[in-house]
Each structure stands twice: as C-alpha cells, then as structure tokens.
Amino acid sequence: MPGFAPCNGTGAKLVYDGILLRAWCSIIGAYLTLGYWLDPPKDQPATIDLRIRAFGTCAFFMLTVILSIGPLARLDRRF
C-alpha cells in the first residue's frame, strides 16, 4: 500500500493561495461595508443574516472563478 505524501507548498501554489485569500477578504469586506452603509442591521439576527449573505456571495464568486480555471487552461492558440 503506497504511503501518503503531503502537498508541498511550491512558489506558484503560495502565490495562488495568497491571491485567493486577498480576494476572499476583499469580497467579504466590501459586502459587509456596503451592507452596513446602505442598510444598517437593526438587531443581532439581521447582523448575522448580513454575514451569512456575505459568505454565501463570496462562495458563489469563488466557485465560479475556480471552476472556470479548468476550461480556460485548455484554451489553445491554434484554434
């Protein structure tokens, strides 16, 4: 039975992770800032709801970007 090897952090992977972390923080921060500015929550459940919507929006955008990387990587200039 072959052993498991850890995923080593190469330079490209660390750059990719840094970009994703920065994008994650930017999306959630912008959503929360605009949400508090445009329609401030009136109570604790509304504040929690705003955070849930911020994380859901971030998950949707990140999933869309990550799933589009595969087809974009297969583009070829010859066609």
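1. A salt bridge is taken here as a side-chain nitrogen of Lys or Arg within 4 Å of a carboxyl oxygen of Asp or Glu. In this predicted model, Asp 49 and Arg 53 satisfy that criterion, since their closest N and O atoms are 3.1 Å apart. Both residues belong to helix H2, which spans residues 44-73. Their spacing in sequence is 4 residues, about one turn of the helix. Asp 49 is partly exposed, at a relative accessible area of 37%, and Arg 53 is likewise classed as partly exposed, at 40%.

2. The structure holds 3 salt bridges, one of them being the Asp 49 and Arg 53 pair just described. Another joins the side chains of Lys 13 and Asp 17, with an N to O distance of 2.7 Å. This pair lies in helix H1, residues 11-38. Lys 13 and Asp 17 are 4 residues apart, again about one turn of the helix. The relative accessible area of Lys 13 is 33%, which places Lys 13 in the partly exposed class. Asp 17 is also partly exposed, with a relative accessibility of 32%.

3. A salt bridge is also formed by the side chains of Lys 42 and Asp 39, at 3.6 Å from N to O. Both of these residues are exposed. The position of Lys 42 may be set against that of Tyr 16: the two are 26 residues apart in sequence, and their C-alpha atoms are separated by 38 Å in space.

4. Thr 47 is located in helix H2. Is Thr 47 buried or exposed? Its relative accessibility is 13%, so Thr 47 counts as buried, the limit for that class being under 20%. When residues up to four places away in sequence are left aside, Thr 47 touches Tyr 36 and Pro 41.

5. The model contains 2 aromatic pairs. One of these is formed by Trp 24 and Phe 55, whose ring centres are 5.9 Å apart and whose planes meet at 55 degrees, so the arrangement is tilted. Trp 24 belongs to helix H1 and Phe 55 to helix H2, so this pair ties together parts that are 31 residues apart in sequence. Both rings belong to residues in the intermediate accessibility class: Trp 24 is partly exposed at 37% relative accessible area, and Phe 55 is partly exposed at 42%. A pair of aromatic rings is described by two quantities, the distance of the centres and the angle of the planes.

6. Which residues make the nonpolar surface patch of about 320 Å²? The contributors are Tyr 16, Val 65, Ile 66 and Ile 69. Helix H2 gives the most to this patch, with 3 residues. Tyr 16, by contrast, is placed in helix H1.

7. Tyr 16 merits a separate remark. With a relative accessibility of 36%, Tyr 16 counts as partly exposed. Leaving out residues up to four places away in sequence, Tyr 16 touches Ile 66 and Ile 69. Those two isoleucines are also members of the nonpolar patch to which Tyr 16 contributes.

8. The final point concerns the cysteines. A search of the whole structure finds 0 disulfides. Cys 25 is in no disulfide, and the nearest cysteine sulfur, that of Cys 58, is 8.6 Å away. Why is the sulfur of Cys 58 not bonded to that of Cys 25? The separation of 8.6 Å is too far for a bond, because a disulfide requires a pair of cysteine sulfur atoms within 2.5 Å. The two residues fall into separate accessibility classes: Cys 25 is partly exposed at 43% relative accessibility, whereas Cys 58, at 1%, counts as buried.

Key. Residues are numbered from 1 along each chain as its sequence is written. This is a predicted model: local features need pLDDT of at least 70, side-chain atom pairs count only at pLDDT 80 or more; totals for chains, interfaces and linings use all residues. Side-chain values use heavy atoms; hydrogens and water are left out. Helices (H or I, at least four residues) and strands (E, at least two) are DSSP runs, numbered from the N terminus. Buried means under 20% relative accessible area, exposed over 50%, partly exposed in between (1.4 Å probe, protein chains only). Contact means heavy atoms within 4.5 Å. Rings of Phe, Tyr and Trp (its six-membered ring) pair if their centres lie within 6.5 Å; planes under 30 degrees apart count as stacked, over 60 as edge-to-face and the rest as tilted. Patches are made of residues with over 30% relative accessible area and no salt bridge: like charges are joined within 9 Å, nonpolar side chains (Val, Leu, Ile, Met, Phe, Trp, Tyr) within 5 Å. Accessible areas come from the Shrake-Rupley method with a 1.4 Å probe; for residues, only the protein chains shown count as cover.
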